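Biologist: I would like a close look at a single part of this model. Please keep the answer connected.

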Amino acid sequence: MQLAVNKQGVIAGTYYNEANQVSRPIQGTVDVKTQRAAMSFADNKNTDRVLETSIDNLTQDEAPGLLHFGAEQSQPVLLVRLKQPEGTAPGQ
């Protein structure tokens, strides 16, 4: 995932699944009071899947998150920052 957050707390980005080489847009928000970030796919597919973490967690190399599958099922996930491969520009 590559994410950007503006000062109003709007999250935008891209999710890329290397296994099937599919890229999907991501959208979300940060609650200013709680600093909780929630994001989902922005292409109207799998709209019941929501990733939740804190905005501070998104600045760490490893951090916990919670992936919701609708209102009834959730599972913990580990978010891991990957290093940029040498010789490539950001976003490639």
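How many bridges join β3 to β4, and do they run parallel or antiparallel? Take the salt bridges around these strands too.

Modeller: This is a predicted model. β3 and β4 run antiparallel, joined by five bridges. One facing pair is V30 and A37, the latter in β4. The two strands form a hairpin, with five residues between them. In that turn, Q35 has a positive phi of about 65 degrees.

β4 also pairs with β5. That pairing is antiparallel as well, over five bridges. Here S40 has V50 in β5 as its bridge partner.

Now the side chains. Opposite charges can pair when the charged atoms come close. R36 and E52 make a salt bridge, with the closest N and O atoms 3.0 Å apart. R36 sits in strand β4 and E52 in strand β5, so this contact ties together parts 16 residues apart in sequence. R36 is partly exposed, at 48% relative accessibility.

D43 and R24 form another salt bridge, at 2.9 Å from N to O. D43 is in the loop between β4 and β5, and R24 is in strand β3, so the pair ties together parts 19 residues apart in sequence. Their exposure classes can be read off the relative accessible area. D43 is partly exposed at 24%. R24 counts as buried at 13%, because buried means under 20%.

These strands also border open space. β3, β4 and β5 are among the elements giving two or more residues to the lining of the largest pocket. That pocket holds about 1,400 Å³ of space. Its lining residues divide into 24 nonpolar, 11 polar and seven charged.

Key: Residues are numbered from 1 along each chain as its sequence is written. This is a predicted model: local features need pLDDT of at least 70, side-chain atom pairs count only at pLDDT 80 or more; totals for chains, interfaces and linings use all residues. Side-chain values use heavy atoms; hydrogens and water are left out. On a 1 Å grid over the protein atoms alone, a cavity is a set of points where a 1.4 Å probe fits but cannot get out, and a pocket is an open set with protein on both sides within 12 Å along at least five of seven lines; lining residues have an atom within 4 Å of a point. Grid points are joined across faces, edges and corners, and a volume is the space filled by probe spheres set on the points. Helices (H or I, at least four residues) and strands (E, at least two) are DSSP runs, numbered from the N terminus. Ala, Val, Leu, Ile, Met, Phe, Trp, Tyr, Cys and Pro count as nonpolar, Asp, Glu, Lys and Arg as charged, and the others, Gly among them, as polar. Two strands pair if DSSP finds at least two bridges between them. A salt bridge is a side-chain nitrogen of Lys or Arg within 4 Å of a carboxyl oxygen of Asp or Glu. Buried means under 20% relative accessible area, exposed over 50%, partly exposed in between (1.4 Å probe, protein chains only).
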